[in-house]
Amino acid sequence: MSDARGAGPDDADDAPTVAGFFVGCGGLDSGFERAGYDVALASDEWERAADTYRTNFPETRFVEADVRELDDERLAAELDAAGYEKDDVDVVIGGPPCQGFSRLNNERIKLDEMEQDSRNTLFEEFLRVVEALDPQLVLMENVRDLINRETSDGEYVKDNIVEAFNRAGYRCEYRVLEAQNYGVPQKRKRIFFVGTNRDVPIRFPEPTRRESEWETAGEALAGVTDDLPNMRYANTSEKVLEKIRHVPPGGYYRDLPDRLKTKKYRCDCEDTDSCPHEPEIVKRYGTYLRRLAPDEPSLTVSNNPFIHPEEDRYITPREKARLQTFPDDFVFEGNKTEVTKQIGNAVPVKLAYELAETLRDYYPEIREAERISVSHYEQTTITDLG
């Protein structure tokens with residue numbers, strides 16, 4: 001980890017000070033630390049992610065709490081305990097969950113039900129904390145599918161978020177970034193909102209890799225050894241192993257011979273022994289029994305298991321962490337399910353680093369830049385994204 005951690009406010013010209021919220025296990029924070037920021041304060045309410053964060057960021061003041069508990073007085077007290085004041089915070093970062101708006105969770109959910117999901121209003125709590133800390137820059141991350149979601153009155157959720165930034169005094173722009181274009185061996189799209197209350201242009205990182213230069217899953221997983229942390233192999237039955245052996249690189253359940261595919265009776269016959277019907281093959285989609293292609297970036301890392309590109313087994317949490325570009329000495333706390341969830345929810349560290357590097361170019365000059373007066377945001381449509 002970077003020596004910049006814990007630099008303190010006296011070194012602010014050299015290391016912009018960061019406060020992070022909804023930090024999870026710390027993927028976004030890792031990228032900022034690597035880019036030379038001083039990560040002074042971090043918060044999340046998930047106990048297991050908090051354990052992981054504390055293990056890997058021992059010098060950062062961590063607040064394990066619901067963000068709604070962090071009023072102005074509490075924020076000031078926590079910063080004071082870390083040796084800072086609210087005025088020391090230059091950048092606020094975080095990924096307030098809007099999981100109710102993700103495609104996987106909402107393909108068949110009505111809009112009014114999505115709006116009632118409390119997770120979809122946490123960005124407002126995030127911006128409340130931003131207003132309290134008054135940083136020059138704000139970075140907020142979320143699921144890419146949020147860009148397509150509309151409220152029941154026909155407004156895009158992304159536009160409501162930008163307008164909320166404006167009400168907080170921040171001009172805001174958003175962009176969908178694809179992780180494989182930034183040195184991450186994984187096809188992963190996320191939307192990022194950048195806000196500023198200073199008279200400076202908003203910038204996003206330019207891609208660092210062309211398609212011919214994308215890092216592959218095979219390259220990322222090369223050299224993994226059993227002595228690394230979180231190398232927990234799945235307990236796989238012989239029946240599943242037989243299926244795994246028949247999945248080609250880049251293939252999945254669809255590529256199995258019919259004899260190995262799941263079959264179910266679709267008839268109403270009570271006695272299947274005397275039933276004249278044949279069981280039908282069950283269709284499966286997505287990542288079920290998906291083997292990674294060794295010469296391509298991985299599909300998006302999530303809670304779902306992937307088959308190793310060359311070996312007949314599921315990849316381990318450590319290997320998933322490599323696909324998310326966490327360093328091998330980053331230790332995840334919790335059981336295998338908890339660790340996998342932490343990894344899948346994280347921002348890839350290399351992508352976070354590129355974002356941090358772009359924002360780093362603002363300092364120290366941005367602190368002296370004039371404040372802006374934000375005009376009302378005019379709603380755009382999806383087609384405006386190009």
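## Two strands side by side

Let's start with strands E2 and E3, which pair in the parallel sense over four bridges. If you want a spot to look for, find Asp44, which stands opposite Glu64 in E3. This is a predicted model, by the way, so keep that in mind as you look around. As background, the strands of a sheet pair through backbone hydrogen bonds, and the pairing can be parallel or antiparallel.

## The whole sheet

Now zoom out. E2 and E3 belong to an open sheet of seven strands, and its order is E3-E2-E1-E4-E5-E7-E6, with mixed pairing. Why do E3 and E6 each have one side without a neighbour in the sheet? Both of them, strand E3 (61–64) and E6, stand at the edges with a single partner strand each, so one side is left free of a sheet neighbour. Direction ignored, neighbouring strands here are turned by 15 degrees against each other on average.

Helices pack on this sheet too. H2 touches E2 and E3, and its direction makes about 175 degrees with that of E3. Helix H7 (residues 157–167) touches E5, E6 and E7, and its direction makes about 140 degrees with that of E6.

## Helix H1 and its cover

Helix H1 covers residues 27–34, and seven of its eight residues are buried. Here they are: Gly27, Leu28, Asp29, Ser30, Gly31, Phe32 and Glu33. What covers these buried residues? The list includes strands E1 (17–21), E2 (38–44), E4 (91–94) and E5 (137–143), along with helices H2 (47–56) and H12 (349–360). Just after H1 you come to Gly36, which takes a positive phi of about 95 degrees.

## Helix H12

H12 was on that list of things covering H1, so it gets its own visit. It has twelve residues and reaches 16 Å from its first C-alpha to its last, close to the 16 Å expected at 1.5 Å a residue.

How many of the twelve residues of H12 are buried? Ten of them are, which leaves H12 mostly covered. The buried ones are Val349, Leu351, Ala352, Tyr353, Glu354, Leu355, Ala356, Thr358, Leu359 and Arg360. Their cover includes H1 and E5, as well as strands E6 (171–178) and E7 (189–196).

## Two residues to click on

Try Leu241, which has its place in helix H9 (residues 238–245). Leu241 and Arg313 are 72 residues apart in sequence, yet 7.2 Å apart in space, C-alpha to C-alpha. Leaving aside its neighbours within four places in sequence, Leu241 is in contact with Thr236 and Asp312.

Next, go to Ser298, found in the loop between strand E9 (280–281) and helix H10 (317–323). Is Ser298 buried or exposed? With a relative accessibility of 0%, Ser298 counts as buried, because the cut-off for buried is under 20%. Again leaving aside neighbours within four places in sequence, Ser298 is in contact with Pro185, Gln186, Lys187, Ala217, Leu292, Phe306 and Leu323.

## A word on cysteines

A disulfide is a covalent bond between the sulfur atoms of two cysteines. How many disulfides does the count come to here? The count comes to zero, taking a pair of cysteine sulfur atoms within 2.5 Å as the rule. Cys25 is buried, with a relative accessible area of 3%. Cys172 also counts as buried, at 8% relative accessibility.

Methods: Residues numbered from 1 in each chain as written. Predicted model: local features only at pLDDT ≥ 70, side-chain atom pairs only at ≥ 80, totals over all residues. Heavy atoms only, no water. Buried < 20%, exposed > 50% of the residue type's maximum accessible area, 1.4 Å probe, protein only. Contact = heavy atoms within 4.5 Å. Expected span 1.5 Å × (residues − 1). Pairing = 2+ DSSP bridges. Axes fitted to C-alpha atoms, helices over the stretch in contact; angles between N-to-C directions.
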